[in-house]
Structure formats: structure tokens, C-alpha cells
Amino acid sequence: MTQAEIRNLPDAGLDMLLSAALTTTAPAIVLAVMHGGQRIYHRAWGDAELGTYFDLASITKTFAATAFLSLVNAGKVKLDSPVVDVIPEFGEGGMRAFGGGYDPHTKLKHPTPPDKIGQMVDPAQVTFRQLLMHTSGLPAWMPVFELTQPPPTPTSGLAERIDTAHHQTPTVQTVYDSPFIDHPGESFCYSDLGFMLLGEAVTRLYGTSLDTAIRDLVTEPLGLQTLTFNPVVNGIPREQIAPTEYDADWRGERVWGYVHDENAYAMRGVSAHAGLFGTAADVAQFGQAWLHPDRYDWAINDDIRKAAWTDTGNKYGLGWVHYNGSSYGHTGFTGTLLRLDPQTGLVIALLTNRVYYGRERAAINTLQQNVWDIIAREVAA
């Protein structure tokens, strides 16, 4: 265990809580806390060091959303522009029949909603605001990796079969052709597919691969040196990366050093819905930058920041989740959390590899809330 600065927080309570979680929830945990612009707590438990890289999973969405919003700020695109203005392939074929999506956890296919049978939807009506807010009408998930990729062969690393190409055309084409489960703007459905489209839009608007765009627009201006896609390919020793799940069904090995999410894997490890790796300190610093964007050399103005955090009733702003009270953030399926509170100036990054033990979710949800509650109470005291 490595420990850094700890100040004004109940270390004994946090230590007891997170030490107990090592055998039940995740074998590697790092917590970084910032308050008032300063890091006040940074500690590792179990098989982790302070500099351990974690698979951030859906926290990637907040970085991709930030890259897109910086392009909005630069006048490259409007929030309410139709997606087909940038990705015309998404609208090819015109009106589209409704269908059923898949449950991203059980991978079971849902039937077409009964009230949508026989109806048609126009994909040209989908806007970027709807992608960001998960109200596009697209389903939550599809097994894109099964539809576009043969099963990979087991390997001890990913470098020999993955590169940093910004997408694999058949994978993205599958998303273009996705059925809808509702009309755009009518209901909320948390959708990885919507963010896969958003990532493709960023590549076209910025004119580079997605990983380069996020680096240029987000991580480099903020000095976040550890944030990377495909860490092993990009020179990070596998021993410095927290392993995730043993994938017996598809990859035939424990996922270690490359992305856990199968669809992101099918996109060569680079997607807007998942794929980023990084350390807790840098993830917390990213949250701090959203609290005080004027302190950094990047393009997120106050109007965009407030719009991103506006709760419109479905708890999602523009890429961010609105939690209880005044806090915002995002979780990742691998067991990661970034949460911040503009009113108190609190930011926490709690990174774990909870899928190491399997995909059940209840324990990590409770742990994340308990850690936030302990720290928020202390800061408010």
C-alpha cells in the first residue's frame, strides 16, 4: 500500500470501509479527493498503488462529451444540429422500423415495444443534444462485437492485434443501422450506441482520430498525463494496470491491459462510450477542471458548463449524471466513480476493478455512495 497526503478527512473510517471491500467488491482501489482546488486525500488499497491505471469504462463518456462541447464552443457544430449533418450515413435509407435492443448486462434481446410495432422513425430527427442526454430513441446496447468481429484468440497482451485506428468501419456501420426503440426526444434510455455515434462525430468535426481529439481538446490542456486509450499499446507496463474480468465467453482470458467493454474492444479500443484508462489523481483533476474551467487553457464556457449540468427530469445533462442534491458525475461499469459538487467544491475519484470478481453491481453501488457520504459530511462540517 502506498499513501500520500491525507488531511481533514476521517482516514480510519475510510480505511475500514475500503479495506473490507477488497475481498468482497474489488481487489484494487484508489481514492483521490479534491476540495477547494487542493488534493486533500489520496490513498491506495489492495493490489493498487497511487499510480495504478484503471479501466474507466463509461467515465470515458464525460471526456468524449467534453471534447464535443469544446467543438460546440468553437462554433464547429451546434447542440441541436441533426446528427446526419455530420454523419449522413446514419440517415441513409430514410424512415426506419422500430426494433428491440439488448440488455447490456444480461445480453438478452428485448422484443420490439408493443406500441411501436408497425411504426417508423426518422433517424434524421436525432440531434447531438439527444445523444448527450440519452434521449435519441436508440437502444441501450447491441452486441456489436459479435456482429462485426470474429472471436479473438487468447493472448497475454493486445499489441499484436490492435492498433489506434479511430474506428473499424463495419463496427460503426452496425451502429448507423441500429433500430430505434422510441421516437427521438420522447423518452430516456441510457445508450452506449448514442455515444459511439458521438465519438464518430468528434473525429469528423476535428479531423483526427478520437483518441487524438480527446488528447488535444481535453487531457493535454488539463495536464492529464495518464489518460490514454490502449495503455499497453501506448507503452504502459501491464503490471501498472489493474486487471478486470476473466472473460470466459469471448476472449478466453483475464482482461488485463486493454479495454473490458467488448464493443469498445471491437472498435480497436478507442470509443466515446468506453476505452479510456487513467489514474485516480488525474480523474479527480478532470472533475476539478469542470468546477473551475477558467483556471485552465481549454474551451468550456460557463453557459456550456451550466447546460451540461442541467437536470431536465431524466437525471442526465450533457454527458453528466445529476445525483441527489447538487452533485454531478458518472460511474463506469468496471467499478469507477467520478463525482463532484459545484456548491461545496468537492471532487472524488474512486477507482476500482470490481469486475475482477464478476459483473454483479449492488456492492459497488453501495460502496460508492457510502464513500461519498462520509467525505461529503466531513467537508460540510
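1. Helices are DSSP runs of H or I at least four residues long, numbered from the N terminus, and it is in this sense that α2 is named in this note on a predicted model. Just after α2, Gly75 takes a positive phi of about 80 degrees.

2. Helix α2 itself covers residues 60-73, and its 14 residues, at 1.5 Å a residue, should span 20 Å; the C-alpha atoms at its two ends are 20 Å apart, so the expected and the modelled spans agree. The helix is mostly covered, since 13 of its 14 residues are buried.

3. Strands β2 (residues 28-35) and β3 (residues 38-46) run antiparallel and are joined by eight bridges. One of the pairings places Ala28 opposite Gly46, its bridge partner in β3. Two residues lie between the strands of this hairpin, and Gly36 there adopts a positive phi near 60 degrees.

4. Lys116 deserves a separate look, and its place is in the loop between β5 (96-97) and β6 (120-121). With a relative accessible area of 9%, which is under the 20% cut-off, Lys116 counts as buried.

5. Which residue does the side chain of Lys116 meet in a polar contact? The partner is Asp182, whose side chain is joined to that of Lys116 by a polar contact of 3.5 Å. Leaving aside residues up to four places away in sequence, Lys116 touches Phe98, Ile181, Asp182 and His183, so that Asp182 appears both in this list of contacts and as the polar partner of the lysine.

Definitions and conventions:
Residues are numbered from 1 along each chain as its sequence is written. This is a predicted model: local features need pLDDT of at least 70, side-chain atom pairs count only at pLDDT 80 or more; totals for chains, interfaces and linings use all residues. Side-chain values use heavy atoms; hydrogens and water are left out. Buried means under 20% relative accessible area, exposed over 50%, partly exposed in between (1.4 Å probe, protein chains only). A polar contact is a pair of N or O atoms within 3.5 Å; within protein, one must be able to donate a hydrogen and the other to accept it, and residues adjacent in sequence count only if both atoms are side-chain atoms. Contact means heavy atoms within 4.5 Å. Two strands pair if DSSP finds at least two bridges between them. The expected span of a helix is 1.5 Å times one less than its number of residues.
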